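Please examine the structure below with attention to its ligand. The paragraphs that follow describe the surroundings of that ligand step by step.

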Amino acid sequence: MNDYPAVSMIIAGERVTGGGRRTHAVINPANGEVIAQLPLAEPPDLDRALDAAARGFARWRKSTAPERAAVLEGAARLLLERQEAIARAAVLEQGKTLAEARMEVLMVVGLFRFYAGECQRIYGRTLVRPEGQRATVTHAPVGPVAAFAPWNFPIGNPGRKLGAPIAAGCSVILKAAEETPASALAVLQALLDAGLPGDVAQAVFGVPDEVSRHLLGSPLIRKVSFTGSTVVGKHLMRLATDNVLRTTMELGGHGPVLVFADADLDRALDTLVPHKLRNAGQVCVSPTRFLIEESVFDRFASGFAERAAALRVGDGLDPESRMGPMANARRPEAMERLVGEARTHGARVLTGGERIGNRGYFFAPTVLAEVPVTAAIMNEEPFGPVAILNPMAGEAAMVEEANRLPYGLAAYAWTEDARRQRRLAAEVEAGMLGLNTTMIAGADAPFGGVKWSGHGAEDGPEGLHACLVTKTVHEG
Ligand code: NAD
């Protein structure tokens with residue numbers, strides 16, 4: 001069916017499929033057609049994966065940094081060679097445009113290369129002690145990791161979940177989203193083909209709550225890494241308490257964008273509109289609440305709506321498409337609910353606001369204006385192609401609104417005033433702040449949030465250290 005690859009689990013280096021297991025139907029969101037049946041793990045599958053992860057850790061923790069670097073470098077090369085096939089599979093199972101999927105492959109290539117270097121710089125330190133005594137601080141891999149990756153970045157999320165533990169010397173059991181298995185499997189396969197032992201990194205799929213309870217309940221797992229909604233993150237943190245697991249939580253956001261009258265508005269609009277609609281808005285750092293100084297509100301709102309309405313929406317495989325369908329049936333349903341509810345609160349719909357066609361999960365780029373804070377969409381992450389534009393009376397009110405919600409992932413501000421930029425950098429509660437830019441991530445930069453958006457960054461040296469524990473040896 002098209003060129004979608006066969007999907008399976010990969011346990012202890014072996015492809016696992018069939019055997020009377022339950023299955024999950026993988027759907028192409030551009031047309032609603034079933035493109036594969038994915039086998040789901042039963043408890044014995046998870047036990048096998050756990051045993052393998054324990055063996056894998058015993059072996060990989062002793063690997064040298066150059067050995068780990070060689071695997072990551074090799075996998076990066078293979079991902080580049082396979083870029084087109086992986087990107088096409090991601091479009092078929094997730095819906096985003098081919099150009100975006102190709103970029104996602106490059107993101108993982110960049111991350112693996114960064115960690116290939118960074119894993120060779122896991123330095124400890126020697127403390128000052130009287131002559132004849134010594135104390136040394138060293139870093140060791142935390143242990144087997146259970147990692148859960150969602151469907152919105154089907155290549156990038158698994159890349160993050162696998163790259164850091166492998167670089168640190170951990171083993172990892174990845175449960176990627178059942179909706180987007182092929183991309184995750186392609187990332188893992190590149191690592192295995194580059195020489196990673198099969199018990200070091202594995203992929204299982206299943207009923208999410210069954211898998212997380214089973215893995216987090218095992219004394220063999222030492223860390224849980226999750227990307228997804230805050231509600232599921234809190235649930236996993238509760239499960240993690242029994243075995244006192246290390247946690248990395250990359251959770252929801254509700255990105256505020258502070259637009260000041262002194263900003264370069266055309267540049268802001270040309271940058272922000274495609275950033276908002278990237279991946280049909282299904283991005284945790286998506287800009288969502290646009291807080292705009294009153295004097296430039298009308299100009300910004302009409303420029304935004306014009307650009308959003310002109311964006312070509314279609315099948316992600318069509319080179320003309322600039323935005324694909326939403327990833328699953330739940331998303332357009334959520335958009336209809338949130339937009340409808342905002343309307344009843346008095347919001348104006350400047351463009352969009354409804355589904356496109358009756359095949360697949362397409363939703364029009366949507367711009368809402370003057371949305372009261374009582375509307376659900378002002379408080380709940382829309383995770384879709386909907387921008388909220390509200391006029392605001394100056395900096396203090398804008399910062400207060402930006403910080404009103406319990407989330408603190410990405411925030412953006414557009415202003416040419418350097419003093420104001422420094423004030424915002426200090427006052428806006430967010431893990432990442434883009435000043436006159438939407439480029440807020442990179443292999444070398446920590447990616448993560450504060451407050452209900454989570455803790456424990458991914459990427460950068462911080463992402464590697466999130467997979468390491470500290471040991472201090474005192475010698476008398
Ligand atoms: P959801 O909240 O049920 O699932 C989110 C992700 O968590 C999925 O990948 C799912 O497989 C996983 N998950 C769910 N329950 C789990 C469990 N008990 N153990 C382990 N993993 C579990 O619902 P959804 O419809 O997929 O997404 C809804 C919302 O989640 C979105 O609106 C968005 O707010 C958020 N989300 C955030 C991200 C992100 O990048 N931070 C990614 C995907 C979804």
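In this predicted model, the residues that form the shell around the ligand divide into 10 nonpolar, six polar and six charged. In total, 22 residues surround the ligand, and the closest are Trp-151, Ser-212, Ser-229, Arg-330 and Glu-381.

Two of these closest residues, Arg-330 and Glu-381, also have side chains with polar atoms at short listed distances from the ligand. For Arg-330, a polar side-chain atom lies 2.7 Å from a ligand oxygen atom. For Glu-381, an N or O atom of the side chain is 2.6 Å from an oxygen atom of the ligand. Asp-209 places a polar side-chain atom 3.1 Å from a nitrogen atom of the ligand. On its own, the ligand has 790 Å² of accessible area, of which the protein covers 84%.

The ligand takes up the space of the second largest pocket. Four elements give two or more residues each to the shell around it: the helices α7 (208-216), α8 (230-241) and α11 (330-344), together with the strand β10 (223-227).

The position of the ligand can also be described at the level of domains. Domain 1 (9-251 + 453-475) contributes residues to the shell, and domain 2 (255-443) does so as well; the ligand therefore lies between the two domains.

Methods: Residues numbered from 1 in each chain as written. Predicted model: local features only at pLDDT ≥ 70, side-chain atom pairs only at ≥ 80, totals over all residues. Heavy atoms only, no water. Near = heavy atom within 4 Å. Polar contact = N/O pair within 3.5 Å; in protein donor to acceptor, adjacent residues only side chain to side chain. Areas by Shrake-Rupley, 256 points an atom, 1.4 Å probe, with all protein chains shown as cover. 1 Å grid on protein atoms, 1.4 Å probe; cavity = no way out; pocket = protein on both sides within 12 Å on 5 of 7 lines; lining within 4 Å. Sits in = over half its atoms within 2 Å of the grid points. Nonpolar A, V, L, I, M, F, W, Y, C, P; charged D, E, K, R; others polar. Domains from an automatic or database assignment.
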